[in-house]
Amino acid sequence: MEPTRLNGWQALRSQPWLLALAGWLPPLMTLLFIAVFETGTPQSLPVGVVDLDHTAESRSLQRYLDASPALDMLNPYPSASEGAEALQRGDVLALLIIPRDFGRDLRLSLSPEVVAFYNSQYLLAGKFISSALTQSGMTFAAEAGVALRLGQGYALPQAVAAAAPVRPQITSLYNSGMSYARFLVTTITPALWQIVIVVATLLTLCWRLEKAPLPATFSARSIALWQLLTPISLLLWLQGVLILGLYSYFLGWSPEDSLAWLVAGMALMVLAVQSMATLILSAVANKVRALSLCAAYLAPAFAFMGITFPRGDMNMLARVWGNLMPSTHYIELQVAVADHGAPLATLLPPLLILLLFLLPLPLAIHALPKQLNINPAEQVS
């Protein structure tokens, strides 16, 4: 086959895995993630209960907590030690201990203390249980206080004011339904998509280098790689646009600002990841090693994005590593556009940083080996 005919469309026809990566696999994985998190919010998370009081008040508290869709309080234990063992085994995600004399202290307005332990290793589940316990517990305390004061002869307005003098209202600004589907799917997918881009790019480049030598001059190399990668880049970018459509259709995801900024950001992210893939291949000149290095380079993307853990609280290594991954800057743009409706001054920095990833591309093109020798022991189809 003549080198001039070795373009991206030919690579797609020759490699089924490349066609899957550049075609249907990422949208299918997005649909899979949407199906996994379809419920949106966790429900019926198991909470162990140690009731040391066994009064009407302690049973009423348990009913209040069990009424929360997030909690399943039907896990009684006779002692705190048995409940703690169940928590350590993972049978329950939290343990609630109702102390002795709970009912008596409540009737005497002595503010009894109910202790709850939760497994913080399960970060999202633990925080969700903590929030549900706090919210339901405050509701029970307020209603119990109102009932107690009504029994003491207070009028209803005075009873309410005395039982709950401060009633906080906490409202989520950017995810009012507290949907974990919107929170997780819209961040996991870009991290996965980034890996798809780098693997598809490496497979395309290696296919070209195994078929015929690259031209010697920089200009001829650039033209050959343009013809090779343009179809792949276009398909990968269209994947990103389709993924945004899936967010909107299945998750009710509606950006606060113009979607055009995200579409442009996706195009820059594709080019940025392809630049990094070309640089890594030029450095190692080996398909398997390049794939391994790219996997190690991009695997921590979801953890270092700053969505599940604030980047400002990460150590220097984590922040630097996160800054070296294009997805970190794309997700910053996505949050600014979709959630904050941020002004142009906020959108420009992540867009410009994505452009900076293209600076090593000329060096990478120049340093690419003319041809890769096919080693059957290392060949990846």
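These questions and answers go through a predicted model, from its sheet to its cysteines.

User: In what order do the four strands of the open sheet lie?

Analyst: The pairing in this sheet is mixed. β2 and β4 are the edge strands, each pairing on one side only. The order is β2-β1-β3-β4.

User: Is strand β1 largely enclosed or not by the rest of the structure?

Analyst: β1 covers residues 45-51. Six of its seven residues are buried. The strand is therefore largely enclosed.

User: How many bridges join β1 to β2, and which residue of β2 stands opposite L45?

Analyst: β2 covers residues 71-72 and runs parallel to β1. The number of bridges between these strands is two. The residue opposite L45 is L71.

User: What is the hand of the crossover from β1 to β2?

Analyst: The chain leaves β1 and passes through helix α4, residues 56-66, before it enters β2. This makes a β-α-β crossover. Its hand is right-handed.

User: Which residue in β3 is the bridge partner of V47?

Analyst: β3 spans residues 94-98. Its pairing with β1 is parallel and runs over five bridges. The partner of V47 is A94.

User: Which residue of β4 stands opposite A94?

Analyst: β4 covers residues 115-118. Four bridges join it to β3, and these two strands run antiparallel. Opposite A94 stands Y118.

User: Within what arc do the buried residues of helix α5 fall?

Analyst: α5 spans residues 80-89, and its residues G83, A86 and L87 are buried. Viewed down the helix axis, the buried residues line one face, because they fall within an arc of 100°.

User: Which strands are among the elements that cover the buried residues of α5?

Analyst: The exposed residues Q88 and R89 sit on the face turned away from the buried side. The cover is over G83, A86 and L87, the buried residues of the helix. It includes β3 and β4.

User: What separates the C-alpha atoms of E82 and G48?

Analyst: E82 is in helix α5. It is partly exposed, with a relative accessible area of 38%. G48 lies 34 residues from E82 along the chain. Their C-alpha separation is 9.8 Å.

User: Which residue follows α5, and what is the sign of its phi?

Analyst: The helix runs over residues 80-89. The residue that follows is G90. Its phi is near 90°, and the sign is positive.

User: What is the phi of S44, and where does S44 lie?

Analyst: Most residues other than glycine have a negative phi. S44 is not a glycine, yet its phi is positive, near 55°. S44 is partly exposed, at a relative accessible area of 48%. Its place is the loop between α3, residues 25-36, and β1.

User: Where is A285 found?

Analyst: A285 is not a glycine, but it has a positive phi of about 55°. At 35% relative accessibility, it counts as partly exposed. It is found in the loop between α11 (259-284) and α12 (287-298).

User: How is the pair of rings in Y249 and F250 classed?

Analyst: The structure holds three aromatic pairs. In the pair of Y249 and F250, the ring centres are 4.9 Å apart and the planes stand at 85°. Planes over 60 degrees apart count as edge-to-face. The pair is therefore edge-to-face.

User: Are Y249 and F250 buried, partly exposed or exposed?

Analyst: The cut-off for exposed is over 50% relative accessible area. Y249 has 67% and is exposed. F250 has 45% and is partly exposed.

User: How many disulfides does the structure hold?

Analyst: A disulfide is a covalent bond between the sulfur atoms of two cysteines. A pair needs its sulfur atoms within 2.5 Å. For C206, the closest cysteine sulfur is that of C294, 9.5 Å away, so this pair is too far for a bond. The structure's count of disulfides is zero.

User: What are the relative accessibilities of C206 and C294?

Analyst: The cut-off for buried is under 20%. Both values meet it, so C206 and C294 count as buried. C206 has 0%, and C294 has 2%.

Conventions
Residues numbered from 1 in each chain as written. Predicted model: local features only at pLDDT ≥ 70, side-chain atom pairs only at ≥ 80, totals over all residues. Heavy atoms only, no water. Buried < 20%, exposed > 50% of the residue type's maximum accessible area, 1.4 Å probe, protein only. Pairing = 2+ DSSP bridges. Right-handed = clockwise from strand over helix to strand, strands pointing away. Arc of directions from axis to C-beta. Contact = heavy atoms within 4.5 Å. Phe/Tyr/Trp six-rings, centres within 6.5 Å; stacked < 30°, edge-to-face > 60°.
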